[in-house]
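Colleague: Please take a close look at chain A, its strands and the side that touches its partner. Keep it brisk, and place it against the rest of the complex.

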Amino acid sequence: MNKKINQQPKAYIISNPSHKNMDSTIQLLRIIIKDQETKIDFGYQAGEYADGGWIHIKPETFIRTKQMMETIEKSIHPKKEGTKYFLIKATNIPYGPEKLHFNSTIEWRYFSLHFPRLPEGTRSFNLIESEFGDKDEFNFYNIRLDEEEKISMIY
Amino acid sequence: MPPPSEAALRYAIIDRCLTNIYKPFPKMDDLKYAIELDLKTSVSTATIQKDIAQMKKGDDEGGYNAPIKFKRSNQGYYYDLEKFPDFTIRSLGLNEKESEAIELAASVLQHFKGIKVNDSYNQAIDKLFSSLNIKKSDKDKNFTNAIQPEETTYMRGMEHFETLVNSIKKKIPVSFIHYSYDKKLFKSIIIHPYLMKESNKRWYLVGYSEEHKEVRYFGLDRIYDPILIGKEFKENSGDDLRNLFDNKIGLSNIKAHNKNNEPELITLWVSRTMANYIKSMPLHKSQTYKEYDGAGEIIVTINVVPTTELISMIMSYSEHMTLIHPKWLCKKIEDKLNLSLLKYNRNLGHE
């Protein structure tokens, strides 16, 4: 009997994933997909506002997959409606309404958002802090999980 | 098989008790008390008996061939020094001078304990001290206090030191997030790590950066969340590293004026006050000097790639050192001094 071998690495990273966002002060840097979670690393540079302004992340933030389906004809196309996966943990950034206030415009913050592990076969997703939000919201679109960009992690 | 680390510490304490001429024939309770006091943990009599049995075993069984005997009249243990004069498991065949040299090195290592490289390092230092029996006697305390290297302060990122050194040893590429103080930008970097370099009390990870397509160095204080990754390792040619560090004071090239990073002849005037210091500890291995006026002032020449650290070094000597050549670098220092003077004038209300 032929067994189907799953060649997807168990844990992998994508460095500098391709994506779109509206705010230049925040950078989506890396995605880490591990056993139970999808961790997304960000860098934020204060500077747009006097005294550096503030940041937080809304607890209702989610990622929504644009999962691809393999049809009977073996062609691939995106599903119309993706699945939502809500934020389960935030590292180095407070949940709103609490705020992290910067003291000056030269400060920065490295932080991570943790979501449930995305299903195998996910090719891209959106990260939404607020649907139809403005540029102050942490919204990222079409974050790519291209196969050729995946690098396995060594524990 | 080597003894486990906790046991090795107990062996060292038992050995210390057995060689203490002021309290010969230590009883089992004495050994227990000494071990518990040193290791701050309770230990059973059975464990100590096993330790003694293990110490008596030969090298091939992980022991020390220790000639431990039990004297009934004293109800205590001792080394049979008639057959093995001066026996101690610490001796390791070292003579007194060699032992002192090791103790000296250990006491220097002790000063790095505060930088929190990792717990294993601190434990290793404790173990080394314990097995060399350094920490207990007042005489040895004086000895370790006699060496005072510059204080090493904790630097952010040192918690990654062990992970990064392991990646270098095992030749495993690393993914990490880097923040540039100058550009005020983050980058996700994949590096093929070659070495850890210290410069001006800061540690740097040096390796081939896939992002930059060349060998680069990254300050540990700007590295976040390093992860070892499964990628084929890119070896370095050796030239890459030599080009990075040779002929330099510090690390940070002033690229705008020296795009090829070629060494330049740097000529400096040094006052008679500082001349002897510069003669006795050259600024760089390429340093040569000649007398300037017969009154003690000297002209120093070094052949280095101009770096920001070179500028800082020159400026740190204040009125005792003046750059003569190259002129473009003189101008750079003059600009910095003018700016600094302006700020002092403002500060003192001389505008």
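Modeller: Start with the contacts inside chain A of this predicted model. Count those between residues at least 6 apart in sequence: 60% of them join residues at least 24 apart. Chain A has 155 residues, and 28% of them count as buried. The chain holds 15 strands and zero helices.

Take β4(A) as the anchor. This strand spans residues 37-45. Seven of its nine residues are buried, so β4(A) is mostly covered. A residue counts as buried here when 20 or more other C-beta atoms lie within 10 Å of its own.

β4(A) pairs with β3(A) and with β12(A). With β3(A), the two strands run antiparallel and are joined by seven bridges. They make a hairpin, with three residues between them. One bridge to place on screen: Leu28(A) has Phe42(A) as its partner in β4(A). With β12(A), the sense is again antiparallel, and this pairing runs over nine bridges. Here Gln45(A) has Trp108(A) as its bridge partner in β12(A).

Now the other sheet to inspect in chain A. It is open, with five strands ordered β2-β14-β13-β6-β9, and the pairing is antiparallel. Which strands stand at the edges? They are β2 (20-21) and β9 (84-86) of chain A. Each has a single partner strand, so one side of each is left without a neighbour in the sheet. Further in, β6(A), residues 62-65, pairs with β13(A), residues 124-128, over four antiparallel bridges. Thr65(A) has Phe125(A) as its bridge partner in β13(A).

β13(A) also leads into the packing, through Leu127(A). The largest nonpolar core has 51 residues. Leu127(A), Tyr204(B), Leu205(B) and Val206(B) touch the most other members. Strand β3 of chain A, residues 26-33, gives the most to this core, with six residues. Leave out residues up to four places away in sequence, and Leu127(A) touches Ile40(A), Ile63(A), Asn139(A), Phe140(A) and Ile143(A). A second core is separate and has 16 residues, including Cys17(B), Leu31(B), Ala66(B) and Ile89(B).

Next, the side that faces the partner. The contact takes 16 residues from chain A and 15 residues from chain B. On chain A, the elements that give two or more residues are β1 (12-15), β3, β4 (37-45), β12 (108-116) and β15 (151-152). By type, the chain A side divides into eight nonpolar, six polar and two charged residues.

One backbone point in chain A deserves a check. The peptide bond from Gly96(A) to Pro97(A) is cis, with omega near 10°. Pro97(A) sits in the loop between β10 (89-91) and β11 (100-101) of chain A.

Now the partner, for context. Chain B has 351 residues, of which 22% count as buried. It holds eleven helices and eleven strands. Its domain assignment gives domain 1 (5-79), domain 2 (96-145), domain 3 (158-245) and domain 4 (264-347). The C-alpha centres of domain 3 and domain 4 of chain B lie 32 Å apart. Among its contacts between residues at least 6 apart in sequence, 59% join residues at least 24 apart.

Chain B has its own backbone points. A cis peptide bond joins His325(B) and Pro326(B), with omega about 5°. Pro326(B) lies in the loop between β11 (321-325) and α11 (327-347) of chain B. Asn200(B) is not a glycine, yet has a positive phi of about 50°. Asn200(B) is in the loop between β4 (185-199) and β5 (202-209) of chain B. Asn200(B) is exposed, with 11 other C-beta atoms within 10 Å. Lys213(B) also has a positive phi, near 60°. Its loop runs between β5 and β6 (214-219) of chain B. Lys213(B) counts as exposed, with 8 C-beta neighbours inside 10 Å.

Last, confidence. The predictor gives the complex an ipTM of 0.86 and a pTM of 0.72. Chain B has a mean pLDDT of 84, and 81% of its residues reach 70 or more. Over residues 134-138 of chain B, pLDDT stays under 50. For that stretch the model has seven contacts beyond four places in sequence.

How values were computed. Residues numbered from 1 in each chain as written. Chains lettered and ligands numbered in written order. Predicted model: local features only at pLDDT ≥ 70, side-chain atom pairs only at ≥ 80, totals over all residues. Core = buried A, V, L, I, M, F, W, Y, C linked by C-beta atoms within 7 Å. Buried ≥ 20, exposed ≤ 12 C-beta atoms within 10 Å, placed from the backbone. Contact = placed C-beta atoms within 7 Å. Nonpolar A, V, L, I, M, F, W, Y, C, P; charged D, E, K, R; others polar. Domains from an automatic or database assignment. Pairing = 2+ DSSP bridges. pLDDT = per-residue confidence, 0-100.
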